[in-house]
Structures are given as C-alpha cells and as structure tokens.
There are 2 protein chains.
Amino acid sequence: MRADAQRNYDRLLEEARQAFIVHGTDVALEDIAKHAGVGIGTLYRHFPDRTALMSAVFVRELDSLTDRAQLLMAEEDPAQALFAWLKAVAVHSGAYRGMSAQIMAAGDGEMLQCKTRLHQAGGALLTRAKESGAIRPDAGMGDLLKLTSALVLAAEKNPEDRDTFDRLWNLAINGILTPARGA
Amino acid sequence: MRADAQRNYDRLLEEARQAFIVHGTDVALEDIAKHAGVGIGTLYRHFPDRTALMSAVFVRELDSLTDRAQLLMAEEDPAQALFAWLKAVAVHSGAYRGMSAQIMAAGDGEMLQCKTRLHQAGGALLTRAKESGAIRPDAGMGDLLKLTSALVLAAEKNPEDRDTFDRLWNLAINGILTPARGA
DNA sequence: AACTATACGGAGACAACCTCCGGTTCTACA
DNA sequence: TGTAGAACCGGAGGTTGTCTCCGTATAGTT
C-alpha cells in the first residue's frame, strides 16, 4: 500500500468515526470525504460502500469489548458479569446511532466479522453464567446480542428519554412476569 | 371532498397498504402512485410525506387490535391475555416491514395517533394483569409496546430465521435469569 | 531522471424525495 | 343545460445523496 493511500485510509477512518458519533451513521459520505480532505472517489475506493466503512470503524472498537469480557471473567457473580458486558456492548452501540441496526442484521458482508467477534468475546462469560445456574440454559449468545441491540435501537428512537434502554433492559433481564412465582 | 379526490385517496391508501406488505415501507412512493393510476403530485397532496401515508394505512388496522383487546378482557388468565394481545400487535407490525420502527419512534406527527390508540386499547388489559399480581407493577404500556416493537424490528432484520421473535419474546417475558430464584 | 503501477478526485449517471404550477375536471348554481 | 371557478390532477424539474468512471497526478523503483 502506497504511503499516501495509507494516510488517506487512516484519515477517512478517523473522520468517519467522529462523524458517525456526531451525526449518526446516516451522515453523507461526501461530508466525511470532505472533512478528511480527499475526494469522494478516494473514499469509495477504500470502502466500497457504507457498510464497509462502518464495519471498518466498528471492528476497531471491539478490542475494548474483548478486553472487558476477559476482565469480567474475574468478576464473582457470573450472571452480573455477563449483564455488565452486554451493557457495555449496548453503550458502545449506542454511541454510534445506527450501529446496532447493522449488528442485528449482519447477515453477510464485513459486518458479520463484527458480530462474530462479539460472539467470541462474550461466549466464555455466557458459558460460565449458565454453569452457575443463574442464566436460562436456552439463552444463546446470538439472541442475547439481538435482544441487546434491539433495545439499543428502541432507545435510539426515543432520544428525549434517556432511561429508555435501562428500563427495557430491566424488564428483559427480570422478565415481565413478577419474579414471585415461588420466591 | 370532491368525488374524484375521494376515489384517488382511497385507491392510494389501498395500493400503499399492499405495497407496504409486499415491499416494506421503504417502497418508492412513485411506484405506489403509478399503481394507483395517479401522478406523484396527487399522492403528495393527499399525504404530505411518507409517514402521513403510513399512519393513514396503519390507523385503519388498529380497529382489529382494539376489538381483540376487548375480547381478551374475557380471558381467564389476565397475564396471558395481555401477552396474547401484545403478540397480536407484533404480528400486525410484522406484516408491514418498517411499521414497528415508526411506532417505536412516533414522537410527533400523525404516527403518534397510532401509538395513542394502541395505548388506550391495551391499557385495560395491563391494568387487569397488574391487579392480578402476575405482572410487575413497574411495567408501563409504553415500555411494553417499545419492547414488543423492538423485538419485531429485530425479527425483521433476520428474515431467514422465522422464530426470532418468539425466542426473544420468550426471553423477555420470562427473564433471562432462571426463574428458580427461590422456586 | 525517467518510468510505471498505484492512487487521486470530481464530473456525472442514477435514484428517490418532494415542490410547483399550468392545465383539466368536477360541482354548484342560474 | 350551460357556465364559472374552485378543487384537483400530474409530471417536469430542483435537491440531495449514492456510487462509478476515467483522465490526471504522484510515490516508489531502477
């Protein structure tokens, strides 16, 4: 890769990251190119379409979530560790409006890589939590991530209500039925 | 309203309904106009923007959900009645890809009317279910609808997996934690 | 310094949304 | 029934955003 190409690539990635945070992932790609000081053609050469750019941005962020998962393996309560990690995922997705929708869909293409890395990162936490008996054995990582992403999305659509995610998450974690069923 | 205007209005509404079901609510409005046999200008005069058209379509569908809610008031188990109704809402939203996103957002504009009608329709069911003690008292109708819509949305994004909604719904209803916390 | 593979960048094709207004059609009233 | 004009029709075209194509510029090599 030529030096100028590398420079532009990095610059685009960083500008995209910021633009996604500020304006959401629907931001005009031309604006990103402009801010990065390159032409729109250059952007499209490096990132063939919007999702390619998104996934390139997000994949970088996943390191911190992987790290977080490993740290949380030391947490005493396995269920709480799992929940804490899923919430961290939510916070991350929430930072980029539109990311959770992509994660949720991610049927093919590069975005799938993000999803897969998340699965791997959280897998150990889920296994441990199940073994502890605190988590329903029929809960899969895929569904937990879908559920989390779905709630993030719901929260995104209600920006005026800051607590939306927490309330919905609380409902899902504890169930809507009163827990009293025997307690 | 002039007779021809009324005809076009009705025709547009019906074509929109079908197009939404077949192609999702992202379908090109020009196509709807074309199928209805009118110009794009006519469509936009009757429905100033896409959400106006969507809400006009959806509002009609709500009657059946209102009816359903009243029928379910006769159901023995209040919690099951509530869940059955929410699931009916989900089925309805699921029929129109993109509807649930609108319902969820519905901060202003005509779409709010749909949301409000849903609240009213389900309110009695929720109250009854809470009084029976089977439903967490801190669960509000707004959050339940948001949760339901969010799961519908998640399911929409995974069209290859038909059971997505049911699995997620099951997790949310029963909670992710094992119900055994004392049972 | 010359050469070539690589990268740049913007003009422009395309698609969708929405507006505007000249032309047409319906309806009310004489 | 004929007419006036209010209401409505419809598509041309402005606007915005996505993505492609290819002539031009440049980094890296010999």
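## Close-up views of a predicted model

**View 1. Residues 28-47 of chain A, a stretch with 75% helix and 0% strand.** The C-alpha atoms at the two ends of this stretch lie 14 Å apart. Its name comes from a record: in an unreviewed UniProt entry, residues 28-47 of chain A carry the annotation "DNA-binding region". As you look around, keep in mind that this is a predicted model.

**View 2. The residues around DNA strand C, 23 of them.** Which residues come nearest to the strand? They are A:Asn8, A:Val38, A:Gly39 and A:Gly41, together with B:Ala3. Several elements each give two or more residues to this surface: from chain A, helix 1 (3-23) and helix 3 (40-46), and from chain B, helix 1 (3-23), helix 2 (29-36) and helix 3 (40-46).

**View 3. Helix 3 of chain A beside DNA strand C.** Let's see what this helix brings: it supplies four residues, the largest share of the surface near the strand. Sorted by class, the surface near DNA strand C has ten nonpolar residues, eight charged ones and five polar ones.

**View 4. Chain A and chain B, superposed by a rotation of 180°.** Any two copies of a chain are related by a rotation about an axis and a shift along it. Here the shift along the axis is 0.0 Å, and chain A falls on chain B with an RMSD of 0.1 Å. What is this relation called? It is that of a two-fold axis. To find the axis from chain A, look for A:Gly175, whose C-alpha is the nearest in that chain, 1.7 Å away. Both copies use the same surface, as 100% of the contact residues of chain A recur in chain B.

Technical notes:
Residues are numbered from 1 along each chain as its sequence is written. Chains are lettered from A and ligands numbered from 1 in the order in which they are written. This is a predicted model: local features need pLDDT of at least 70, side-chain atom pairs count only at pLDDT 80 or more; totals for chains, interfaces and linings use all residues. A residue is near a molecule or strand if its C-beta atom, placed from the backbone, lies within 6 Å of it. Ala, Val, Leu, Ile, Met, Phe, Trp, Tyr, Cys and Pro count as nonpolar, Asp, Glu, Lys and Arg as charged, and the others, Gly among them, as polar. Copies are superposed by least squares on the C-alpha atoms of residues with pLDDT of at least 70 in both. Two residues are in contact if their C-beta atoms, placed from the backbone, lie within 7 Å. UniProt positions are given in the numbering used here, feature names are shortened, and annotations may be inferred rather than shown by experiment.
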